[in-house]
Amino acid sequence: MDFLLECIGFPPDHDFDGLAHAARGHAEPVAWRGPAGEHLRMPLGHGLELRMDREREAAPWTLYPHFQSNHRLRVAITDLVGIPDSPYDVILHGWANPPVDGDPRLAPDSYPIAAVITDARRLPRRLEVGHVLAVTLAGFALDVEYSGPFDPKRPVRGRRLDDGAWIGPLGGGDAPGGCVELSLPVTARRALENPVTRAAVELIEVELPGRPLALFASPWQLAVDGLATPRVGWRLEGTFLLTGRVAGGLASPTERLGSHFG
């Protein structure tokens, strides 16, 4: 996962072992995950975070990026898939921006989505297919294929939206879970800074029905592949890992316990 940290301003040659050691002194426990001290977050400002996980004291740390979006997206669940080596995460499959009534597969403003939900302990053991959750999501680039003006000749590999935009879960048996392929218009850019490395971080918002989506790409990958920094009005196309948290759509603990303690 180290290469995903490039998306939030850690260069490819950064000392990640040293980063994990140093970050522990500035980190906080992450709610709804594992034992205290084994699942940590180091805020970087403006919603950016460095996350740190390990499953036992002697195990190495896994570092990965996180961004706390302010946008709540409604998703009608089709499947929840556990991750064997990451028991506090779950892969959510569903239809984003579902209509109040009717089949989201037939609704023009709904689209299929996949994402890793990092507070899976909040979820009950069973949720019916079609149950609507509110989630906050952000995407981190596994690979950017195109950054430039809209090109109608580029192939469509997902659900077609307005103006030639498209999005869809990454397919294939070996595909990593929680990933989507997309080609979406850039509607906003915001310059941030990683306080550890002082590197620039670009928060890129792209347009989707229901809510915009925050994306982050590695400037080092863009440079190596000869791609321009995304601009407002351009298209950003590639494969992104979506991660986030549950923000609504669950009964409160009081409601869940009411049948037992009424």
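Q: In this predicted model, a salt bridge is a side-chain nitrogen of Lys or Arg within 4 Å of a carboxyl oxygen of Asp or Glu; how far apart are the closest N and O atoms of Arg-198 and Glu-193?
A: Arg-198 is exposed at 56% relative accessibility, while Glu-193 is partly exposed at 39%. Because a salt bridge requires such a nitrogen within 4 Å of a carboxyl oxygen, the pair qualifies, its closest N and O atoms lying apart by 3.0 Å.

Q: Which residues are joined into one network by salt bridges that share partners?
A: One bridge to consider is that between the side chains of Arg-157 and Glu-237, at 4.0 Å from N to O. This pair links distant parts of the chain, since Arg-157 sits in the loop between β8 and β9, whereas Glu-237 belongs to strand β14, 80 residues away. Through shared partners, salt bridges connect into one network Glu-145, Arg-154, Arg-157, Glu-181 and Glu-237.

Q: Is Glu-237 buried or exposed?
A: Its partner in the salt bridge, Arg-157, has a relative accessible area of 33% and is partly exposed. Buried means under 20% relative accessible area, and Glu-237 has a value of 1%, so the residue counts as buried.

Q: Which strands each supply at least two residues of the lining of the largest cavity?
A: The largest cavity holds about 80 Å³ of space, and its lining includes Val-135, Leu-137, Leu-213 and Ala-214. The lining residues divide into 8 nonpolar, 2 polar and 1 charged. The strands that each contribute at least two of them are β8 (132-148) and β13 (213-216).

Technical notes:
Residues are numbered from 1 along each chain as its sequence is written. This is a predicted model: local features need pLDDT of at least 70, side-chain atom pairs count only at pLDDT 80 or more; totals for chains, interfaces and linings use all residues. Side-chain values use heavy atoms; hydrogens and water are left out. On a 1 Å grid over the protein atoms alone, a cavity is a set of points where a 1.4 Å probe fits but cannot get out, and a pocket is an open set with protein on both sides within 12 Å along at least five of seven lines; lining residues have an atom within 4 Å of a point. Grid points are joined across faces, edges and corners, and a volume is the space filled by probe spheres set on the points. Helices (H or I, at least four residues) and strands (E, at least two) are DSSP runs, numbered from the N terminus. Ala, Val, Leu, Ile, Met, Phe, Trp, Tyr, Cys and Pro count as nonpolar, Asp, Glu, Lys and Arg as charged, and the others, Gly among them, as polar. Buried means under 20% relative accessible area, exposed over 50%, partly exposed in between (1.4 Å probe, protein chains only).
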